[in-house]
Amino acid sequence: MDRLLRNFMALLGLFMIVSGPVAAQSLVPGWTSSDISRLKVWISAAPEDALPVLDTRKLDQAVASGGAPMASAEARNLALKLAEMHLVGRAGASEKRGWNIVDTDSVAGLSPMLDHALADGTLDTFFAMLRPAHAEYSALRAAYAKESDPARRLAIARNMERWRWMPRSLGSDYVLVNTAKFEADLWRGGEKAGNWRVIVGKLSTPTPVFDATITGVILNPWWEIPDSIVRESVGSLVRRNPSLARARGYVWSDGRYRQKPGPNNALGQMKLVMPNRFSVFMHDTPNKDLFNKEVRAFSHGCIRTGDAIGYAATLLEGVKTREEVDAIVKAGKTTQIDLSTPLPLYIAYFTAVSDGRGGVELLDDLYGRDSRIREVADATGEAVHMAASGCVMTGAEG
């Protein structure tokens, strides 16, 4: 039994309402006319989640003809289609291009979940619990219901779809970076425990969307300079002005260019240990003034973090005190400290976010990714096809 099914069955007991027996005409074992009526309610309510209304004509014909096996088959087919849309979205591969966050939700578990819901009379709970569990999705959904402006509705709908590409539950402890908002949030125990400004990739080197695991913090890090940045600037500086290069801490060792730890190091005084295939990291920066900019897209793809030492100390709570962290930084020696528990990290891209006051704030589509999501549902549940465009994402330390 997969994780989604276990979670569903565990939570099912919390949502079940004990009631007396309800008479319902049985169409076939597992489906009743009452079940089919509830299914049609959920199908018609799909636009509330910016999803299209599925065609029920075959189901209606089967019910009208009295063909119980056919009605059951059609109902099951529609129920699983609707469940899959709620759980993982409806976008195709081209629309999700560049979205590298692994969605751990498995549609393979939907069939047994549906069987349990039918057996227990909890079809409503089955569908309700497939929506993204995050508070941000709930905020978008509430705003979508009230929004009348077509452009704003489209933006909200696209971001609701993005939430369906995330794991339904991110867990209780994690870091969520929204590159479109230039912010990172730390969540602990299901509550937001901290917020930091970040600098993200410039338009020519946008920060990719991906997930990783934070396992530790490196204080006073060396900078392993990527080849792209060596070609762009560092290599020529070393050749033209070796004394200035040495003064800035650049050295050639073991067949590669590196920068010594220190206040002028490009990584600043902190770098997270978060292995990933993009070589993109969260780290400090000596250019603190850039955090005062409203649009903070200046890096080669990495995520420069405001109050980086405070951020590191927060992640290391229970392992090192802030005083101990400050002392290590002051000593200047490269030191790696493991977190007490590895922490999931999601580098995401949402251009519609909760404003914290019951509404939604729309952000600039920094990297032009919104138009990749070409089909959304309008207020009537009809699919609306949008033109597509895109950009190529790259990432490197910087």
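Biologist: Let's start somewhere specific. Where is the place of threonine 215?

Modeller: Threonine 215 sits in strand S7, which covers residues 209–219. Keep in mind that this is a predicted model.

Biologist: Okay, and is threonine 215 buried or exposed?

Modeller: Neither one, really. Threonine 215 has a relative accessibility of 29%, so it counts as partly exposed. Buried would need under 20%, and exposed would need over 50%.

Biologist: Which residues is threonine 215 in contact with, leaving aside its neighbours within four places in sequence?

Modeller: Those are Val273, Asp338, Leu339 and Pro342. Take leucine 339: it is 124 residues away from threonine 215 along the chain, yet the two C-alpha atoms are separated by 5.6 Å.

Biologist: Nice. Since it's a prediction, what pLDDT does the protein average?

Modeller: The average is 88, and 86% of the residues score at least 70. Over residues 7–29, though, the pLDDT is below 50. That stretch still has 27 contacts in the model beyond near neighbours in sequence.

Biologist: And what about residues 385–397?

Modeller: There the pLDDT stays under 50 as well. For residues 385–397 the model has 54 contacts beyond four places in sequence.

Biologist: Switching topic to rings. How many aromatic pairs does the structure hold?

Modeller: It holds 11 aromatic pairs. One of them joins tryptophan 163 and phenylalanine 350, with ring centres 4.4 Å apart.

Biologist: Why is the pair of tryptophan 163 and phenylalanine 350 stacked?

Modeller: Their ring planes are at 10°, so the pair is stacked. Planes under 30 degrees apart count that way.

Biologist: Where in the chain do those two sit?

Modeller: In distant parts of it, 187 residues apart. Tryptophan 163 belongs to helix H8 (residues 150–165), while phenylalanine 350 is in the loop between strand S15 (335–348) and strand S16 (352–354). Both tryptophan 163 and phenylalanine 350 are buried.

Biologist: Which residues form one aromatic cluster with them?

Modeller: Trp99 and Trp165 do, so to speak: the cluster is made of Trp99, Trp163, Trp165 and Phe350.

Biologist: What about holes inside? How many cavities of 30 Å³ or more does a search of the whole structure find?

Modeller: Three. The largest cavity has a volume of about 90 Å³, and 13 residues line it. Lying nearest its centre are Arg97, Trp99, Arg162, Arg369 and Arg372. Trp99 also belongs to the aromatic cluster we just talked about.

Biologist: How do the residues of that lining divide?

Modeller: The lining of the largest cavity has six nonpolar residues, one polar and six charged.

Biologist: And pockets? What volume does the second largest pocket have?

Modeller: About 400 Å³. The second largest pocket is lined by 18 residues, and nearest its centre are Trp223, Tyr250, Gln259, Asn264 and Ala266. Seven of the lining residues are nonpolar, eight are polar and three are charged.

Biologist: Which helix gives the most to that lining?

Modeller: Helix H9, residues 227–240, with five residues.

Biologist: Last thing, the backbone. What is phi of phenylalanine 182 near?

Modeller: Near 60°, a positive value in a residue other than glycine. Phenylalanine 182 lies in the loop between strand S4 (174–178) and strand S5 (183–188). Its relative accessible area is 7%, so phenylalanine 182 is buried.

Biologist: And what is phi of aspartate 307 about?

Modeller: About 45°, so to say positive too, although aspartate 307 is not a glycine. Aspartate 307 is in the loop between strand S14 (303–305) and helix H11 (308–315).

Methods:
Residues numbered from 1 in each chain as written. Predicted model: local features only at pLDDT ≥ 70, side-chain atom pairs only at ≥ 80, totals over all residues. Heavy atoms only, no water. pLDDT = per-residue confidence, 0-100. Contact = heavy atoms within 4.5 Å. 1 Å grid on protein atoms, 1.4 Å probe; cavity = no way out; pocket = protein on both sides within 12 Å on 5 of 7 lines; lining within 4 Å. Points joined across faces, edges and corners; volume = space filled by probe spheres on them. Helix = DSSP H or I, 4+ residues; strand = E, 2+ residues; numbered from the N terminus. Nonpolar A, V, L, I, M, F, W, Y, C, P; charged D, E, K, R; others polar. Phe/Tyr/Trp six-rings, centres within 6.5 Å; stacked < 30°, edge-to-face > 60°. Buried < 20%, exposed > 50% of the residue type's maximum accessible area, 1.4 Å probe, protein only.
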